[in-house]
Amino acid sequence: MIIETKDKTKRRIYPKEEVCIGCHLCEVYCVLAHSGTKDLIKAFKKKDKPTPKVIVEEKEGYYITFALQCRHCDDPLCTKACITGAMHRDDKTGIVVCDEDKCVGCWSCILVCPYGAIRRGENKKVASKCDLCLDAGEPACVQNCPNSALEIVEA
Amino acid sequence: MRYVIIGNSIASCGCIEGIRKVDLENEIVVISNEPYHVYSRPLISYWLSKKISDDKIYYRPKNYYEKYKVKPILGVKVERVDFEKKKVYLENGEEISYDKLLIATGGKPFIPNIPGLNKKNVFTFIKFDDVKEIDKVICDGMRAIVVGGGLSGLKAAEALTKRGCDVTVVELADRILGSILDNEGAKLVQEELENHGIKFILKNSVIEIIGDDKVEKVRLQSLEEIPADLVVFSIGVVPNVDIFKDTQLKINRGILVNERMETNIQDVYAAGDVVSAFDMILGENRVIPILPNAYIQGEIAGLNMAGEKTKYDGGFPINSIGFFDIHMMTGGLVNPIDGCEILKRLEEEKKIYRKIYIKEGKILGFMFINSFDRTGMIVDLMRNKVDVSNFKDRLLLDNFGFLDLPKETRKEKIWRS
């Protein structure tokens, strides 16, 4: 059989809203990790403001904040609603990823994601979402949270 | 054991992938009258406008059939199915027997029977071949008439405009996008399209196509005549059930299926734009021809065909669509029903519109224009019939998010994921 039956990822990043201080460093390090540079200034100094793949939930009048990323659902709706096939589960890692070359920015994934965890990326051209820092080992948001308000759990 | 799938689009892929979750061995045969590797029909307008190249219209990678152990029979039409003998007969004389059959024949364009349809440069707008044909004749400055101001008609109008055509849309109703928007919403979108040069003729229709060999003009119901170089019919799609007309297969507009996507005939399943399946908002079966439903239904059918008992909970219409610089997401009801509450926010200068229908605490429908960033959370509330009474006004905010949900709800939701 040619289909790789690598399991779906069981890794999830969970927020602790009690200790999140809303500093947005997760967003900063997320942008850096996906920028292709190690230089923070270069990572942000772009024509279009980079979009972090993590979302800090915060609102005026609320004391609480917390950060949220793609849940890498066991049965994701985004891959089923995708009109191009760009949104898919990676055979090797079991992670839900978006092939940004294929994506046409129809936002069908945003229409169905129950977590509102998919964003319109830079320049609002293609969908942007958490890839659990596929290439880097530990997710940058978890690693760089100063108050350990994010943890990665392997179910 | 052999699975046979008639149709090679989204529901078919859902079915293949559903079967292969359970059964890695038995043969799957996919038959389509189109000669192409599985492609995405919603992308034809992107292809016509040259936003995507040839290779990006394909929905699955080149090695898909090989990887999923599928035998594709492409470019061959199915002539009929004998449900007694469990056999599919192809136009080339071939016979294929099946143990489990999926009908995923999709939709076909509805074209009114008017004089002049046989003229050159009259097209439909559903398949890859449709846009390939349009692409062959199209040139700058051509006058195009699009008949039908619905989702695909306006995508056609947008693509033709981007290719330099002078486009007029003729729509029978008093507004465009009547299947997804109310008057106010439709007006915002129409203005945007008009700003890009598209003209609209509402409450009217094309009753004749005039010309010697090619289209030269169209005659409207109002008897007015408009010069035209090409005409695109995009009035709507109807389930493609022609080959099953005189069989015992139960059809009510679409093929009737139960929650396992089974038809009334044993071992015969159906999914996608060809079916009439359960609408969880209306509480009855109907045809909802949208891509996510096609995939999900196909997958459920596939799982059941392979012996894994799984239920389809039902669906409701949802759409994400944009034209030029305006984008909208809509779901559920378009028009209010008795006793429902209407929440609304309209900022005309910014072309922002959010409207929500609520009844007994449950969201029944929404229309969001240019403000849609976390719409999936709203769709999720609808699907799970969550009582939104305590935070309903927040649903109108651009930045509606998890903090707007009660603490228990959001914690439960995030931690169960």
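Let me start with the domains of chain B, in what is a predicted model. The domain assignment splits chain B into domain 1, made of 2-108 and 239-305, domain 2, which covers 122-235, and domain 3, which covers 325-416. Domain 1 of chain B is written in two stretches, and domain 2 of chain B has its bounds between them.

How far apart are domain 1 and domain 2 of chain B? Their C-alpha centres are separated by 30 Å. The two do touch: ten residues of domain 1 of chain B are in contact with 13 residues of domain 2 of chain B. On the domain 1 side of that contact there are six nonpolar, two polar and two charged residues.

Now chain B as a whole. There are nine helices and 27 strands in chain B. Its radius of gyration is 23 Å, and the globule rule gives 22 Å for 417 residues, so chain B is as compact as a globular protein of that length. The C-alpha trace of chain B spans about 70 × 60 × 40 Å along its principal axes. Of its 417 residues, 47% count as buried. If you take contacts in chain B between residues at least 6 apart in sequence, 65% of them join residues at least 24 apart.

One helix pair in chain B is worth showing. Helix 1, residues 10-22, and helix 7, residues 291-305, have axes that come within 6 Å and cross at roughly 35°. The crossing of helix 1 and helix 7 of chain B is right-handed. Which residues meet there? From helix 1 of chain B they include Ile10(B), Cys13(B), Ile16(B) and Ile19(B), and from helix 7 of chain B they include Leu291(B), Ala294(B), Ile300(B) and Leu303(B). By class, this contact has 15 nonpolar, six polar and three charged residues.

Staying in chain B, look at Lys86(B). This residue sits in the loop between strand 4 (78-82) and strand 5 (87-90) of chain B. Its phi is positive, about 55°, although Lys86(B) is not a glycine. For background, most residues other than glycine have a negative phi. Is Lys86(B) buried or partly exposed? Lys86(B) counts as partly exposed because it has 19 C-beta neighbours inside 10 Å, and buried would take 20 or more.

On to chain A. Chain A has five helices and eight strands. Along the sequence they follow the pattern β-α-α-β-β-α-β-β-α-β-β-α-β. The radius of gyration of chain A is 16 Å, close to the 15 Å from the globule rule for 155 residues, so chain A is as compact as a globular protein of that length. Its C-alpha trace spans about 50 × 40 × 30 Å along the principal axes. Of the 155 residues of chain A, 44% count as buried. Among contacts in chain A between residues at least 6 apart in sequence, 63% join residues at least 24 apart.

Helix 1 of chain A, residues 25-33, has these buried residues: Cys26(A), Tyr29(A), Cys30(A), Val31(A), Leu32(A) and Ala33(A). What do they pack against? Their partners in chain A are helix 2 (40-44), strand 2 (55-57), strand 3 (66-68), helix 5 and strand 8 (150-154).

Two loop residues of chain A next. His72(A) is in the loop between strand 3 and helix 3 of chain A. It is buried, because 24 other C-beta atoms lie within 10 Å. Leaving out residues up to four places away in sequence, His72(A) touches Thr9(A), Arg12(A), Ile95(A) and Val96(A). His72(A) and Arg11(A) are 61 residues apart in sequence, and their C-alpha atoms are 8.1 Å apart in space.

The second is Cys133(A), in the loop between strand 7 (127-128) and helix 5 (140-144) of chain A. Cys133(A) has a positive phi, near 50°, and is not a glycine. With 21 C-beta neighbours inside 10 Å, Cys133(A) counts as buried.

Last, the contact between the two chains. How many residues does each chain give? Chain A gives 30 residues and chain B gives 36 residues. On the chain A side, the elements that give two or more residues are strand 1 (11-15), helix 3 (78-81) and helix 4 (108-112). Helix 4 of chain A gives the most, with four residues. By class, the chain A side has 20 nonpolar, four polar and six charged residues.

Key:
Residues are numbered from 1 along each chain as its sequence is written. Chains are lettered from A and ligands numbered from 1 in the order in which they are written. This is a predicted model: local features need pLDDT of at least 70, side-chain atom pairs count only at pLDDT 80 or more; totals for chains, interfaces and linings use all residues. Two residues are in contact if their C-beta atoms, placed from the backbone, lie within 7 Å. Ala, Val, Leu, Ile, Met, Phe, Trp, Tyr, Cys and Pro count as nonpolar, Asp, Glu, Lys and Arg as charged, and the others, Gly among them, as polar. Domain bounds come from an automatic or database domain assignment. The radius of gyration is taken over C-alpha atoms; the globule rule is 2.2 Å times the number of residues to the power 0.38. A residue is buried if 20 or more other C-beta atoms lie within 10 Å of its own, exposed if 12 or fewer, and partly exposed in between; C-beta atoms are placed from the backbone. Axes are lines fitted to C-alpha atoms, for helices over the stretch in contact, and angles run from 0 to 180 degrees between N-to-C directions. A crossing is left-handed if the near helix is turned anticlockwise from the far one by less than a right angle, and right-handed if clockwise.
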